[in-house]
Amino acid sequence: MWSIGDIKINSRLLLGTSRFPSPLSLQQSIARSGTEIITVSLRRESAMGPRDGQRFWEQIKDLPVRVLPNTAGCYSAQEAVTTAHMARDLFATNWIKLEVIGDDYTLQPDPFGLVEAAKQLVKDGFEVFPYTTDDLIVAQRLLDAGCRVLMPWAAPIGSGMGLTNPRALELLRSRFPQVPLIVDAGIGRPSHAMAAMELGYDAVLLNTAVSSADDPPAMAAAFAAAVAFGRQGFEAGLMEPRSFAVASTPMIGRAFTPATNAEGQ
Amino acid sequence: MQIQVNGQPHQVTATVSLQQLLLDLGYQNLLVAVAVNKRCVHRGDLAATTVEAGDQIEILAPMAGG
């Protein structure tokens, strides 16, 4: 069990809803992931077109999950703030996954715009989930702005590269032991998610690794297991790595050696 | 007068409200959020907000996202 504000959450896997091969595949993936939080977005829609957005909402609105709207595609603090307010109107939630993109090629967050938007949105009553880099000082500024959760990236969105800088993620965990930390973006394999959980992260958020799998619902189940086992390992207390060998089998009593006093008596 | 709706030019009669504009465009009973000139106009304010010449109006719907 972990929590964001007053909200208690069991599942430590947050799932994006984009790029699934079919609505059924998405629904089955949500179910098999065990997630309690799915991310959604907002896009232009013509009333005279196919109304894909309305159909998408019909498909998910009654599922037993919370929605976390994002501000994907925003390139300035003002765009992100406006989109967040529109999301609150649309989805009736004060949760917002805050994205302010600074670079097209990497989709790297713009930390300056991110902090600016976060300050405004916290004042406006939002629970801000900032999608950020693994930079310690940016993380601190976001907390100073009133964010109660942080979502550092593992690698660029959709890259599937996994934890490219685990030491930085580890540092964030050690510096902010009480803050809910979610690895968001770059997770490609269940082992990546497990590694994030073994660092003591509270949850992971992923999308493409599931939606682009040959069998998305099966991959969702695999991620659910990886996240659960990674957390279990962390809670059980992981051994510290050493640069030298320590025999696990007792040395006393081994064959082909002179008897010790203890063995002779 | 001319306005823009989701990036497309659009003609409206003067003094139309945002709520009326949405009806005219066929958005009745659809779940959408509205912004005018990059500012969100909350649902409760749509009827009282008048469309002005040159307004840039965004009408957004739910969509899948990561």
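Which loop of chain A holds A:Leu107? Let's start there, after two housekeeping notes. This is a predicted model, in which local features need pLDDT of at least 70 and side-chain atom pairs count only at pLDDT 80 or more, while totals for chains, interfaces and linings use all residues. Residues are numbered from 1 along each chain as its sequence is written, chains are lettered from A and ligands numbered from 1 in the order in which they are written, and side-chain values use heavy atoms, with hydrogens and water left out.

**Exercise 1. Place A:Leu107 and A:Ala185, and look at their backbones.**

Step 1. A:Leu107 sits in the loop between β6 (95-98) and α4 (111-123) of chain A. Helices here are DSSP runs of H or I with at least four residues, strands are runs of E with at least two, and both are numbered from the N terminus.

Step 2. Check phi: for A:Leu107 the angle is near 55°, a positive value in a residue other than glycine. A:Ala185 also has a positive phi, near 90°, and lies in the loop between β9 and α7 of chain A.

Step 3. Now accessibility. Buried means under 20% relative accessible area, exposed over 50%, and partly exposed in between (1.4 Å probe, protein chains only). A:Leu107 has 28% relative accessibility, so it counts as partly exposed. A:Ala185, with a relative accessible area of 9%, is buried.

**Exercise 2. Work out which side of helix α7(A) faces inward.**

Step 1. List the buried residues of α7 (residues 190-198): A:His192, A:Ala193, A:Ala196 and A:Met197.

Step 2. Look down the axis of α7(A): these buried residues fall within an arc of 140°, so they line one face of the helix. The arc is taken from the directions from the helix axis to the C-beta atoms.

Step 3. Find the cover, which includes β9 (182-184), β10 (203-206) and α9 (216-236) of chain A.

Step 4. See what comes after: α7(A) is followed by A:Gly200, with a positive phi near 95°.

**Exercise 3. Trace the neighbours of strand β10(A).**

Step 1. Find the pairings; two strands pair if DSSP finds at least two bridges between them. Strand β3 (residues 13-16) of chain A pairs with β10(A) in the parallel sense over 3 bridges. β9(A) and β10(A) are also parallel, with 3 bridges.

Step 2. Pick out A:Leu205 in β10(A): A:Leu14 stands opposite this residue, and so does A:Asp184.

Step 3. Follow the chain from β9(A) through α7(A) to β10(A): this β-α-β crossover is right-handed. That is, with the strands pointing away from the viewer, the path from the first strand over the helix to the second runs clockwise.

Step 4. Check both faces of β10(A). A:Ala203 and A:Leu205 on one side, and A:Val204 and A:Leu206 on the other, are all buried.

**Exercise 4. Which two residues touch the most other members of the largest nonpolar core?**

Step 1. A nonpolar core is a set of buried Ala, Val, Leu, Ile, Met, Phe, Trp, Tyr and Cys residues joined through side-chain atoms within 4.5 Å.

Step 2. The largest one has 65 residues, and A:Leu98 and A:Val204 touch the most other members. Its largest share, 8 residues, comes from helix α3 (residues 77-91) of chain A.

Step 3. Zoom in on A:Val204. Leaving aside neighbours within four places in sequence, its contacts (heavy atoms within 4.5 Å) include A:Leu14, A:Ile182, A:Ala193 and A:Val227.
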